[in-house]
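Student: Please take a close look at one part of this model. I should like its surface, its rings and its charged contacts to be treated in turn, with the criteria stated.

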Amino acid sequence: MWLKRSIAVFSLIASTAFIPVDPYSSSIRMPYQQAGLSKEQAAAHLLNRFSFGIQPGQIEAVVKMGLENWLQQQLEASLPDTELDKRLAGFDALKMSNETIVNHYLTPAQIILLGVRQKIIRNDSLSNTDREKYREALAKVMRESGVKPIQELHRQLVNQKVLRAVYSNNQLKEVLTDFWFNHFNVSLTKGQSQQYVMSYERDAIRPHVFGNFKNMLLATAKHPAMLEYLDNA
């Protein structure tokens, strides 16, 4: 599905716009009139392909500013995202290094091991067959050690992706980030890699979506999330 979407995205650039050698030139021209489309129809087509969806009044706004100008802005990906930044302010993992994340967001097994090492719980006193006691033990270790469950890291990862898709003014950057994140796939369900996925999107994918493909390829191949996911660590 993502390969088809990628082909559709880049086919649209090739078929409905002339982009000179410099992709950020202001000489973009869209032959929508030759295709029999009105400006409004072309704007809807553009927004459907290069964003996560048309917002109320957005077709009229794109027509007013000019379709080529809107695409130019999206290629530059430099529009302010004040509202998005406010909503992401509480996502502490977005600013953490891999080392900090690994030491802060732990799997249940790591939390139990930490509790045993710190003598918060006894090694022979816990069985996950007693679910209530198991949860109480995990909560006690987290409370006294200041760590958080891996599920909280997953929540931040998923929620920040949704917020970016909804609130970012740089929609093409978010569409491409989502595509390449799925193309260079790693898994949250694999224990060895799950603590690194947040920084994987942030450091290996997002900075390279408008850059050199070779740089992105190397960044993804060398990132701990991919190394662990492919058992190449």
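**Helix 9 and the segments that follow**

Tutor: Valine 158 counts as partly exposed because its relative accessibility is 44%; the class lies between buried (under 20% relative accessible area) and exposed (over 50%), with a 1.4 Å probe and protein chains only. The model is a predicted one, in which local features need pLDDT of at least 70 and side-chain atom pairs count only at pLDDT 80 or more, while totals for chains, interfaces and linings use all residues. Residues are numbered from 1 along each chain as its sequence is written, and side-chain values rest on heavy atoms, with hydrogens and water left out.

Valine 158 belongs to helix 9, which spans residues 150-167. Helices (H or I, at least four residues) and strands (E, at least two) are DSSP runs, numbered from the N terminus; the chain has 13 helices and two strands. On the surface, Val158 joins Val162, Val166 and Tyr167 in a nonpolar patch with about 310 Å² of accessible area together. The areas are from the Shrake-Rupley method with a 1.4 Å probe, and for residues only the protein chains shown count as cover. Patch members have over 30% relative accessible area and no salt bridge; nonpolar side chains (Val, Leu, Ile, Met, Phe, Trp, Tyr) are joined within 5 Å and like charges within 9 Å. For the chain as a whole, the accessible surface comes to about 13100 Å², with 54% belonging to carbon and sulfur atoms, and 40% of the 233 residues are buried.

Arginine 155 is partly exposed, at 39% relative accessibility. Its side chain meets that of glutamate 152 in a salt bridge of 2.8 Å, N to O, the term requiring a side-chain nitrogen of Lys or Arg within 4 Å of a carboxyl oxygen of Asp or Glu. Because arginine 155 and glutamate 152 are three residues apart in helix 9, about one helical turn separates them. The charged end of arginine 155 also sits over the ring of phenylalanine 91, 6.0 Å from its centre; the rule asks for NZ of Lys or CZ of Arg within 6 Å of the ring centre and within 35 degrees of the ring normal. A second such case is lysine 161, which lies over the face of phenylalanine 181 at 4.2 Å from the ring centre.

The rings come next. Five aromatic pairs are found in the whole structure. One of them is the stacked pair of tryptophan 180 and phenylalanine 184, 5.8 Å from centre to centre and with 20° between the planes. Rings of Phe, Tyr and Trp (its six-membered ring) pair if their centres lie within 6.5 Å, and planes under 30 degrees apart are stacked, over 60 edge-to-face and the rest tilted. Tryptophan 180 is buried at 12% relative accessible area, as is phenylalanine 184 at 11%. Both belong to one aromatic cluster with Phe179 and Phe213.

Asparagine 185 lies in the loop between helix 10 (171-183) and helix 11 (197-205) and is partly exposed, at 36% relative accessibility. Its C-alpha is 8.0 Å from that of methionine 226, a residue 41 positions away in sequence. Leaving aside residues up to four places away in sequence, asparagine 185 touches Met226 and Tyr229, a contact being heavy atoms within 4.5 Å.

Charged pairs reach further along the chain, where nine salt bridges are counted. Arginine 206 forms one with glutamate 174, the closest N and O atoms being 2.8 Å apart. Arginine 206 is in the loop between helix 11 and helix 12 (213-222) and glutamate 174 in helix 10, so the pair ties together parts 32 residues apart in sequence. Both arginine 206 and glutamate 174 are buried. Lysine 190 bridges to aspartate 231, with the closest N and O atoms 2.9 Å apart. Since lysine 190 lies in the loop between helix 10 and helix 11 and aspartate 231 in the segment after helix 13, this pair ties together parts 41 residues apart in sequence. Lysine 190 is buried at 19% relative accessible area, whereas aspartate 231 is exposed at 57%. Salt bridges with shared partners also join Lys161, Glu174, Asp178, Glu201 and Arg206 into one network.

One backbone detail remains. Most residues other than glycine have a negative phi. Aspartate 231, although not a glycine, has a positive phi of about 60°.
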